[in-house]
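This report describes burial, packing and charge pairing in a single protein chain. Please read it alongside the sequence and the coordinates shown below.

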Amino acid sequence: MLLRRFVSDSYDYSMVENMYENRDESKPFFIFNVTMQNHGGYSVSYTNFLQEIYVTNMNGHYPKANRYLSLVKKSDEAFQQLTEYFSQVSEPTIICMFGAHLPSIEDEFFEELFGADLDRLSIEQQQARYTTPFVIWANYDIPEATIDKMSANYLSTLLLQTAGLPLTQYNK
């Protein structure tokens with residue numbers, strides 16, 4: 001159930017599956033689920049977490065980044081299990097996964113990644129430090145698209161449009 005000291009994404013998603021299986025089938029199933037497996041800090045090792053990822057193509061040594069990236073791998077695996085589960089259900093299903101913020105890891109990692117001190121980054125590089133990815137997955141055909149950058153406040157509108165649902169006044 002726990003990975004490090006937080007509820008694992010895998011366990012969390014199994015609870016989502018359980019809620020879906022025990023839902024009121026007369027109503028659409030909606031859940032806004034926030035996971036916590038990857039929340040910091042990243043300086044302590046745990047006996048219930050096997051670190052698998054090590055940055056090897058950079059000059060510095062970044063144990064926090066390595067732990068964080070290992071947790072991201074676990075998140076990817078759990079998300080794959082979740083999408084595999086919902087790919088088997090007959091009810092049209094959309095899942096939107098997005099990151100809320102970047103991790104608090106070594107500044108030197110970001111400096112080496114960007115090739116500049118943090119206080120000397122270009123505006124584009126500074127913005128990239130606050131960019132998190134998202135994915136919209138469905139168990140039926142939806143239009144494929146790559147969106148380079150979008151403010152998170154527009155994500156709900158994109159999700160409603162992708163699902164073919166009516167927009168609220170706010171989303172309009």
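Ile31 is placed in the loop between H1 and H2 of what is a predicted model. With a relative accessibility of 32%, Ile31 counts as partly exposed, because the buried class ends under 20% and the exposed class starts over 50%. Ile31 is also one of the residues that make a nonpolar surface patch of about 530 Å², the others being Met1, Leu2, Tyr11, Met15 and Met19. Helix H1 provides the largest share of this nonpolar patch, namely three residues.

**Buried residues around the start of H1**

Helix H1 spans residues 9-21 and includes Asp12. Asp12 is buried yet takes part in no salt bridge, and the nearest side chain of opposite charge, that of Arg4, is 13 Å away. When neighbours within four places in sequence are left aside, the contacts of Asp12 are with Val7, Asn33, Val34 and Thr35.

Ser8 belongs to the loop between strand E2 (6-7) and H1. Since the relative accessibility of Ser8 is 10%, and buried means under 20%, Ser8 falls in the buried class. Again without neighbours up to four places away in sequence, Ser8 is in contact with Met1, Leu2, Leu3 and Gln37.

**Nonpolar cores**

In soluble globular proteins, nonpolar side chains tend to be buried together. The largest nonpolar core of this model has 13 residues, of which Tyr42, Tyr62, Ala65, Leu71, Ile105, Phe109 and Phe110 touch the most other members. At least two residues of this core are supplied by helix H2 (63-86), and at least two by helix H3 (107-114). The greatest contribution to this core is that of H2, with three residues. As for Ala65, its contacts beyond four places in sequence are Ile105, Glu106 and Phe109. Another core, of 10 residues, lies apart from the largest one and has Val16, Tyr20, Ala78 and Ile95 among its members.

Which loop holds Phe49, and what does this residue touch? Phe49 is located in the loop between H1 and H2, and its relative accessibility of 8% places it in the buried class, as this is under 20%. Not counting residues up to four places away in sequence, Phe49 touches Leu3, Arg4, Arg67, Ser70, Leu71 and Lys74. Among these contacts, Leu71 is also one of the residues that touch the most other members of the largest nonpolar core. Between Phe49 and Ala78 there are 15 Å in space, C-alpha to C-alpha, and the two are 29 residues apart in sequence.

**Salt bridges**

The structure holds seven salt bridges, and the table lists three of them with the distance between their closest N and O atoms.

| Salt bridge | Closest N and O atoms |
|---|---|
| Asp24 and Lys27 | 4.0 Å |
| Lys74 and Glu52 | 3.0 Å |
| Glu77 and Lys73 | 2.5 Å |

In the pair formed by Asp24 and Lys27, Asp24 is partly exposed, with a relative accessible area of 42%, whereas Lys27 is exposed, with 52%.

The salt bridge between Lys74 and Glu52 links distant parts of the chain, as Lys74 is in helix H2 and Glu52 is in the loop between H1 and H2, 22 residues apart. Lys74 has a relative accessible area of 25% and is therefore partly exposed. Glu52, at 34% relative accessibility, counts as partly exposed. Lys74 is also touched by the buried residue Phe49, and hence takes part both in a salt bridge with Glu52 and in a contact with that aromatic residue.

Why are Glu77 and Lys73 separated by about one helical turn? The two residues are four residues apart in helix H2, which means a separation of about one turn of the helix. Glu77 counts as partly exposed at 30% relative accessibility, and Lys73 is partly exposed with a relative accessible area of 28%. Taken together, Glu52, Lys73, Lys74 and Glu77 are linked in a network of salt bridges.

Note on methods
Residues numbered from 1 in each chain as written. Predicted model: local features only at pLDDT ≥ 70, side-chain atom pairs only at ≥ 80, totals over all residues. Heavy atoms only, no water. Core = buried A, V, L, I, M, F, W, Y, C linked by side-chain atoms within 4.5 Å. Buried < 20%, exposed > 50% of the residue type's maximum accessible area, 1.4 Å probe, protein only. Contact = heavy atoms within 4.5 Å. Lys, Arg positive; Asp, Glu negative; His and termini not counted. Patch = residues over 30% accessible without salt bridge, like charges linked within 9 Å, V, L, I, M, F, W, Y side chains within 5 Å. Areas by Shrake-Rupley, 256 points an atom, 1.4 Å probe, with all protein chains shown as cover.
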